[in-house]
Amino acid sequence: MRDQAKIVIFATVVCLVCSILLALVSTALAPRQARNKANDVKTKVLQVFGAAVTDEKGKLCVSQDELDALFATRITGIVLDAEGQLVADRAVETLTPQQISDRDKATGMKAFYPVYVYVDPGTSEKQYAIHVSGKGLWSTIKGFMALKDDLSTIAGIVFYEHQETPGLGGEVEKPYFQDRFKGKQWLEDGKRCEFQITKPGGAPNPHAVDGITAATMTCLGVEDFLNADFCVYNRYFEKLRMQQ
Amino acid sequence: MAKLRKIVTDPLADNNPVTWQVLGVCSALAVTTKVSTAVVMSLALTVVLCCSNVVISLLRNMIPNKIRMIVELCVIATLVILADLLLRAFVYDISKQLSVFVGLIITNCIVMGRAEAYALQNPPLKSLLDALGNGFGYSIILIAVASFRELLGSGSWYGMTVLSESWYTGNTLMLLPPGAFVIIGLLIWFQRTFISKTLREED
C-alpha cells in the first residue's frame with residue numbers, strides 16, 4: 001500500500017514539475033516565435049513577387065527594419081470574403097492564420113481571402129499575390145501564388161508552411177518544383193481553366209505542371225486547393241479585368 | 001581519471017551508438033543532406049541527452065522501479081519540447097528544416113537507451129560524461145555522413161561551394177535517403193574492419 005502511494009505521489013510530482021516548466025517557457029517565448037512567423041510570412045510574400053530579400057540559399061539578406069519598410073511601401077493588402085467580395089473594413093494584418101486557412105466544414109470555404117498587391121518600383125507594373133492553403137497528405141499546406149498584371153499568368157508560388165514528409169511531399173517547398181508554375185496560365189480565352197498537377201513527364205500544357213514523383217497524394221491536395229481558392233479570388237479578379 | 005576518460009572516449013569509436021549499436025539511425029538518414037542541419041541536430045541531441053542523463057541520474061534512487069520507463073519518457077519528452085521551443089524562438093530557419101525531427105529526438109533510441117542502461121545505475125557526473133561521449137559519437141557519424149552527402153550531392157560543404165557547378169554535376173542519390181543508407185553502411189564496414197579493437201580481439 002505504501003509503495004503504491006509512493007508511486008502515485010512521485011508520478012504526480014514529476015507531471016506537475018514538467019508541465020509547469022513547459023507552460024512557463026512556452027508563454028515566455030511565444031512573442032518571439034510569433035514575430036519569427038510573421039517575418040517569415042512577410043519574407044515569403046516579398047519573395048513570391050520576386051523582390052530580392054533572400055540570397056540564393058533562401059537566407060534573409062535584409063535587416064528587420066528594411067523588411068518592414070519594404071513590406072510597408074511596396075505592398076498593400078486587400079481582404080475578400082468567401083463570395084469574392086471586397087471587405088473594406090478589414091486589414092490583412094488583422095486576419096488570424098485560422099481565418100485565412102481553416103475551411104468551414106459544411107461549405108469548404110474559408111472566412112477571409114487576403115490579396116497582396118505589389119507595385120514594381122521600376123516598371124510600376126502591378127502584381128497580385130493570393131493566399132492558397134489546404135490539405136496535402138498529412139497536413140495543411142500554406143502558400144502564396146503571385147499573378148501578373150493580366151491576373152492569369154502565374155508569376156511565382158511559394159509554400160511557407162507544411163508538415164509533409166521531408167524528401168517526398170515536403171519537396172513542394174523546393175524551388176525546382178515551385179519554378180514549374182512560373183508562366184502557367186489560369187485563363188484560356190478569358191475563361192478559368194482547371195489547373196492540373198500531372199504525372200511527371202506529361203504533355204506540355206499551359207494549365208498544368210509536372211507533379212512530384214512519390215508524392216501523388218500531396219500533389220492531388222495542392223491541385224484541389226489551388227483550384228478551390230482561385231475560384232473565389234477569380235470572382236474579384238473578373239471585376240478588375242473588366243476595369244482594365 | 002583514466003576510467004572517467006574512457007566513459008567519454010569509448011562511445012566515440014569502439015562503442016559508437018550509431019555504427020556499433022546501430023541506434024538513432026532514423027535521424028542519421030533524415031537530417032544529413034546538409035552539414036548545417038546535421039550540426040544543429042547533433043547539438044540538440046547532445047544537449048537533450050546530457051540533461052536527461054543528469055536528471056534521471058539525480059532521481060535514480062527515488063524513481064519507483066515500476067514506473068521508471070514512464071518517468072524517463074516524461075523527462076525526455078519535456079526536454080525535447082523545451083529544445084523545440086528554443087529552436088523555434090532563436091533559430092527559426094533551422095527549426096523549419098529540422099521540422100519533425102526535433103520531435104523525433106524523443107524516440108531516438110540513444111536517449112532512452114542511455115537513461116535506461118547507464119543513468120539509472122550511475123551518479124550524475126559519470127552519467128553526464130556518458131551522455132557527452134554518446135552525443136559526440138552520434139555527432140561524429142552524423143557530420144561525417146552529412147559531409148559526404150553534401151559534398152557529393154550538392155558540391156558544397158557547410159554551404160560553401162567546394163566543387164564548382166561548372167564541372168561537377170551533383171549526385172542526386174546522395175541527397176535522397178538511400179544515399180545515407182549507402183554511406184552509413186560503408187562507415188559501419190570501415191569502422192568494424194579497420195578501427196574497432198573489440199572486433200579484432202574477438203577474431
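1. Chain A, read along its sequence, runs α-α-β-α-β-β-β-β-α-β-β-β-β-α. That comes to 5 helices and 9 strands, where helices (H or I, at least four residues) and strands (E, at least two) are DSSP runs numbered from the N terminus. Bear in mind that this is a predicted model, in which local features need pLDDT of at least 70, side-chain atom pairs count only at pLDDT 80 or more, and totals for chains, interfaces and linings use all residues. Residues are numbered from 1 along each chain as its sequence is written, while chains are lettered from A and ligands numbered from 1 in the order in which they are written.

2. Some overall figures for chain A. Its C-alpha trace spans about 80 × 40 × 40 Å along the principal axes. Of the 244 residues in chain A, 28% are buried. Here buried means 20 or more other C-beta atoms within 10 Å of a residue's own, exposed means 12 or fewer, and partly exposed is in between, with C-beta atoms placed from the backbone. Among the contacts in chain A with a separation of 6 or more, 51% join residues 24 or more positions apart; a contact needs the two C-beta atoms, placed from the backbone, to lie within 7 Å.

3. Two pairs in chain A show what such sequence separation looks like. Q47(A) sits in helix α1 (residues 2-48) and is buried, with 21 other C-beta atoms within 10 Å. Its C-alpha is 7.9 Å from that of V158(A), although the two are 111 residues apart in sequence. L240(A), in helix α5 (residues 216-243) of chain A, is partly exposed, having 13 C-beta neighbours inside 10 Å. From L240(A) to L151(A) the C-alpha distance is 8.6 Å, across 89 residues of chain.

4. How do α1(A) and α2(A) pack? Helix α2 of chain A covers residues 64-74, and the two axes are 10 Å apart at an angle of about 55°. Axes here are lines fitted to C-alpha atoms, for helices over the stretch in contact, and angles run from 0 to 180 degrees between N-to-C directions. The pair is therefore oblique; the scheme takes angles under 35 degrees as roughly parallel, over 145 as roughly antiparallel, 65 to 115 as roughly perpendicular and the rest as oblique. α1(A) passes α2(A) in a left-handed crossing, left-handed being when the near helix is turned anticlockwise from the far one by less than a right angle, and right-handed if clockwise. On the α1(A) side the contact uses N39(A), K42(A), T43(A) and L46(A), and on the α2(A) side L67(A), L70(A) and F71(A). By class that is 4 nonpolar, 2 polar and 1 charged, counting Ala, Val, Leu, Ile, Met, Phe, Trp, Tyr, Cys and Pro as nonpolar, Asp, Glu, Lys and Arg as charged, and the others, Gly among them, as polar.

5. Two backbone spots I'd look at. D189(A) is not a glycine, yet has a positive phi of about 50°. D189(A) belongs to the loop between β6 (187-188) and β7 (191-192) of chain A and is exposed, with 5 other C-beta atoms within 10 Å. A214(A), also other than glycine, has a positive phi near 75°. This one is in the loop between β9 (208-210) and α5 of chain A, and A214(A) is partly exposed, with 14 other C-beta atoms within 10 Å.

6. Over in chain B, helix α3 (residues 35-59) and helix α7 (residues 109-119) have axes that come within 10 Å and cross at roughly 30°. α3(B) and α7(B) are therefore roughly parallel, and their crossing is right-handed. Among the residues in this contact are V48(B), L49(B) and I56(B) from α3(B), with I110(B), R114(B) and Y118(B) from α7(B). The class split is 8 nonpolar, 3 polar and 1 charged.

7. Which residues of α7(B) are buried? I110(B), V111(B), R114(B), A115(B), Y118(B) and A119(B) are. They cover an arc of only 130° around the axis (taken from the directions from the helix axis to the C-beta atoms), so they lie on the same side of α7(B). An α-helix has 3.6 residues a turn, so residues three or four places apart point the same way. The buried residues of α7(B) pack against α3, α4 (68-90) and α8 of chain B.

8. α3(B) also meets helix α8 (residues 124-154) of chain B, with axes within 8 Å and a crossing of roughly 165°. That makes the two roughly antiparallel. This crossing is right-handed, and the contact has 18 nonpolar, 9 polar and 2 charged residues.

9. Last, the contact between the chains: 21 residues come from chain A and 20 residues from chain B. The chain A side has 11 nonpolar, 5 polar and 5 charged residues.
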